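Student: Please take a close look at one part of this model. Start from a single contact and work outward from there.

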Amino acid sequence: MLTNKEPVLPMKISLNFFSPLFFLFILSSCAPRLTLLVSPEAQDVGALVAQKARTTPDLGSLVVAPDTTWPKDGLVVRLSTTPNWNLPHGAPRSIPLSSNVLSKNFFPIAALAALGQNKNGDWAVLPVFYDVVGVMAFNPPGAGAPLPQWQDLGKKVWSNRVMFSGHSPLIRQAIFFLETPPTTLPAAQKWFTQTPANWKAALSAVPAWILAPAWAPSTWQFADPDVKFWQKPKTPYVFASTYRQYELTQQPGLVRFQAWQVKRGKDTWITGPVLFLEFYNSASSSKEVKALVNLLTSPSFQGEVGSREKWLAVNLLAPEIDNSSAQVRELARNVSGFIPVTERLPDPLPNDNLMSSLQVAIDYAKKR
């Protein structure tokens, strides 16, 4: 029914310039957007972060995007296996993250923490997940038949038995660094950009260990489909792989995995890819950055990523996936050093870089 009453106008809020409501309004309207840039090798984790962010306080407006372009504004965090490498055009220098941002429930594996933590306790880059290179066997002959440890590959019993995708930069790097582990390891953000100067002797020895008798014929020329053709029960081969590859291809009761480790004196080294967080123009006081860091490092989220995507958790408080993951994490917990490697190389490859020089050395070496 129509009436002659005055229409009801929308209520107006009068902001006193000195009132708390005014300052809250200004802060909310000026809060910078937070973008998580995700490298291709971390897409599965990025998708889970985007899903969780919708119900996580202070992360409702988080943007998750590929790391191929750089945001024009806002705070930026990047998840990648190659810190300070594979950066899009226009990327600024990364900055440290204050240790005060991290939750008290984050207890990182020491060998992985050493890749990113500065002497003052801040983090140049933050390791959150990792994988380990080793060897797996499909229905190996004999109950409990041993798998070859790194030092066993020279034994006659393993001649022509170890197969892998020779085109994989990650496997190439892993074998190279296991053969010649570093005496000291630069921080992760410098590791992938180092020059080959200190590795000349090791690079000159590449042709010799490519011809090692353990490698299956033609394996240095193989691509993934060539290897997968042989990954079936009763195969005579064992396969260099990562823990994730083992978990994602596992046939219950038919496949076993063993992480490769190398010992030099009192030191023990293992190798594999590591997912690092890098921070750009992101103030440590930002509640959005803190919320994201605490989500990624929380035991519950790390356990979920382990269960669903098979990445191993850096946080020692995270639950285990299964017995095999517990064995790998126990090994990682006690090693002297962890050598980070990557499947993702820049295109084109830079000159005077160790990883690039290794690719070239293997490409042009004589192979069996």
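**A side-chain contact and what lies beyond**

Tutor: The side chains of Thr-81 and Glu-41 are joined by a polar contact of 2.6 Å. The model is predicted, and this pair is a starting point for reading it. Thr-81 sits in the loop between β3 (75-80) and α3 (110-113). A residue counts as buried when its relative accessible area is under 20%. Thr-81 has 2% relative accessibility, and therefore counts as buried. Its side chain has a further polar contact, of 2.9 Å, with the side chain of Thr-342. Leaving out residues up to four places away in sequence, Thr-81 touches Glu-41, Phe-192, Pro-273, Val-274, Leu-275, Phe-276 and Thr-342. Glu-41 and Thr-342 thus appear again here, as residues that Thr-81 touches.

Next, the strands. Strand β10 covers residues 267-272, and five of its six residues are buried, so the rest of the structure largely encloses it. Strand β9 (residues 262-264) runs antiparallel to β10, and three bridges join the two. One of the paired positions is Arg-264, whose bridge partner in β10 is Asp-267. β9 and β10 make a hairpin, with two residues between them. In that turn, Gly-265 has a positive phi of about 65°. β10 also pairs with strand β13 (residues 337-340), this time in the parallel sense, over four bridges. Here Ile-270 has Phe-338 of β13 as its bridge partner. β10 therefore has an antiparallel partner, β9, and a parallel partner, β13, while being largely enclosed because five of its six residues are buried.

Ser-165 can be read in the way Thr-81 was. Ser-165 lies in the loop between β6 (162-163) and α4. At 9% relative accessibility, Ser-165 counts as buried. A polar atom of the Ser-165 side chain lies 3.3 Å from the backbone oxygen of Phe-222. Setting aside neighbours within four places in sequence, Ser-165 is in contact with Ile-171, Thr-219, Phe-222, Ala-223, Asp-224 and Val-227.

Asp-224 leads on to the largest pocket. Among the 29 residues that line this pocket, those nearest its centre are Ser-168, Asp-224, Thr-242, Gln-245 and Glu-343. The elements giving two or more residues to the lining are α4, α8 (224-228), β7 (238-242) and α9 (243-248). Of these, β7 gives the most, with four residues. The pocket holds about 670 Å³ of space. Its lining has twelve nonpolar, ten polar and seven charged residues.

The second largest pocket holds about 230 Å³. Residues lining it include Asn-84, Leu-87, Arg-93, Gln-189, Lys-190 and Tyr-280. By class, this lining divides into six nonpolar, four polar and two charged residues.

Thr-219, another contact of Ser-165, belongs to the lining of a cavity. The structure holds two cavities of 30 Å³ or more. The second largest has a volume of about 40 Å³. Thr-219 lines it, together with Ile-210, Trp-215, Ala-216, Ser-218, Trp-220, Gln-221, Lys-367 and Arg-368. Its lining has four nonpolar, three polar and two charged residues.

The largest cavity has a volume of about 50 Å³. Its lining residues include Gln-302, Gly-303, Gly-306, Trp-311, Leu-312 and Arg-329. The elements that give it two or more lining residues are α11 (299-309), β12 (312-313) and α12 (323-334). The largest share, three residues, comes from α11. The lining divides into five nonpolar, four polar and two charged residues.

The last stop is helix α13 (residues 354-364), where Leu-354, Met-355, Ser-356, Leu-358, Gln-359 and Ile-362 are buried. The cover over these buried residues includes α4 (169-179), α5 (188-191), α6 (200-204) and α7 (206-210). At the N-terminal end of α13, Asn-353 acts as a cap, with a side-chain oxygen 3.0 Å from the backbone nitrogen of Met-355. Helix α4 has now come up in three places: beside the loop that holds Ser-165, in the lining of the largest pocket, and in the cover over α13.

Key:
Residues numbered from 1 in each chain as written. Predicted model: local features only at pLDDT ≥ 70, side-chain atom pairs only at ≥ 80, totals over all residues. Heavy atoms only, no water. Buried < 20%, exposed > 50% of the residue type's maximum accessible area, 1.4 Å probe, protein only. Polar contact = N/O pair within 3.5 Å; in protein donor to acceptor, adjacent residues only side chain to side chain. Contact = heavy atoms within 4.5 Å. 1 Å grid on protein atoms, 1.4 Å probe; cavity = no way out; pocket = protein on both sides within 12 Å on 5 of 7 lines; lining within 4 Å. Points joined across faces, edges and corners; volume = space filled by probe spheres on them. Nonpolar A, V, L, I, M, F, W, Y, C, P; charged D, E, K, R; others polar. Pairing = 2+ DSSP bridges.
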